[in-house]
Amino acid sequence: MPDLGAPPAPAPAPAPAAVARPAAPAAAGRDTEVRPLGVEFTPTGDPEVDAALGRLEVLDGVPTEGHLPVYEDVHQRLGETLAALDRP
């Protein structure tokens with residue numbers, strides 16, 4: 001039977017503080033290792049479309065936060081290529 005009159009055991013000493021590395025807010029709690037996407041590019045035969053899609057190759061090894069400007073550029077290039085099809 002426990003001795004109810006005994007003083008409580010002392011709390012353990014806190015562990016030494018570790019050196020904190022700042023984490024990106026979007027990456028908190030996620031795997032932050034940057035890996036190649038492993039997507040192979042198949043040429044379409046249209047030089048303008050191939051050049052636009054070729055821009056996606058720069059994304060291998062780039063964290064997700066850096067993808068948006070490249071996607072916007074590819075979108076603009078493909079849009080311009082499509083618009084050129086309607087010109088006489």
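Helices here are DSSP runs of at least four residues, numbered from the N terminus, and that is how the names H1 and H2 on this tour came about. Keep in mind that you are looking at a predicted model.

**Stop 1: the whole chain**

Start with everything shown as a cartoon. You should find 2 helices and 0 strands. Now switch on the surface: the chain exposes about 7700 Å², and carbon and sulfur atoms supply 62% of that area. How much of the chain is buried? Of its 88 residues, buried ones make up 10%. As for contacts between residues at least 6 apart in sequence, 38% of them join residues at least 24 apart.

**Stop 2: helix H2, end to end**

Select residues 68–86, which form helix H2. Put a distance label between the C-alpha atoms at its two ends and you'll get 28 Å. Does that suit a helix of 19 residues, or does it clash? At 1.5 Å a residue, the expected span is 27 Å, so the two values agree.

**Stop 3: the two sides of H2**

Stay on H2 and show side chains for Val70, Val74 and Thr81, the buried residues of this helix. They cover an arc of only 35° around the axis, which puts them on the same side of H2. It helps to recall that an α-helix has 3.6 residues a turn, so residues three or four places apart point the same way.

Next, turn the view to the other side of H2 and pick Pro69, His75 and Asp86, which are exposed there. Then go back to the buried side and ask what covers it. The cover includes helix H1, residues 47–54.

**Stop 4: helix H1**

Select 47–54, the residues of H1, and colour Val49, Asp50 and Ala52. These are the buried residues of H1. Their arc around the axis is only 160°, which places them on the same side of H1. Which element do they pack against? The answer is H2, so you can display both helices together for this view.

**Stop 5: the salt bridges**

A search of the whole structure turns up 2 salt bridges. For one of them, select Arg55 and Asp73: their closest N and O atoms are 2.7 Å apart. This pair links distant parts of the chain, with Arg55 in the loop between H1 and H2 and Asp73 in helix H2, 18 residues apart. Arg55 counts as partly exposed, at 26% relative accessibility.

Now add Arg77. It also forms a salt bridge with Asp73, and here the closest N and O atoms are 3.0 Å apart. Arg77 and Asp73 both lie in helix H2, 4 residues apart, about one turn of the helix. Arg77 is partly exposed as well, with a relative accessible area of 33%. With all three residues on screen, you have one network: Arg55, Asp73 and Arg77, joined by salt bridges that share partners.

**Stop 6: a nonpolar patch**

Go back to the surface view and select Leu56, Leu68 and Tyr71. Together they make a nonpolar surface patch of about 270 Å². Tyr71 sits in helix H2. Is its side of the story buried, exposed or in between? Tyr71 is partly exposed, because its relative accessible area of 41% lies between the 20% cut-off for buried and the 50% cut-off for exposed.

**Stop 7: His67 in the loop**

Select His67, found in the loop between H1 and H2. At 9% relative accessibility, His67 counts as buried, since buried means under 20%. What touches it? Leaving aside its neighbours within four places in sequence, His67 is in contact with Leu59 and Val62.

**Stop 8: Pro36 and its visitors**

Finish with Pro36, in the segment before H1. Pro36 is exposed, with a relative accessible area of 62%. Not counting residues up to four places away in sequence, Pro36 touches Asp60 and Gly61. Label Leu59 too: Pro36 and Leu59 are 23 residues apart in sequence, with 8.2 Å from C-alpha to C-alpha.

One more pick is Glu57, which lies in the loop between H1 and H2. At 53% relative accessibility, Glu57 counts as exposed. Draw a line from its C-alpha atom to that of Pro36, 21 residues away along the chain, and the separation reads 9.7 Å.

Technical notes: Residues are numbered from 1 along each chain as its sequence is written. This is a predicted model: local features need pLDDT of at least 70, side-chain atom pairs count only at pLDDT 80 or more; totals for chains, interfaces and linings use all residues. Side-chain values use heavy atoms; hydrogens and water are left out. The expected span of a helix is 1.5 Å times one less than its number of residues. Buried means under 20% relative accessible area, exposed over 50%, partly exposed in between (1.4 Å probe, protein chains only). The arc is that of the directions from the helix axis to the C-beta atoms. Contact means heavy atoms within 4.5 Å. Accessible areas come from the Shrake-Rupley method with a 1.4 Å probe; for residues, only the protein chains shown count as cover. Patches are made of residues with over 30% relative accessible area and no salt bridge: like charges are joined within 9 Å, nonpolar side chains (Val, Leu, Ile, Met, Phe, Trp, Tyr) within 5 Å. A salt bridge is a side-chain nitrogen of Lys or Arg within 4 Å of a carboxyl oxygen of Asp or Glu.
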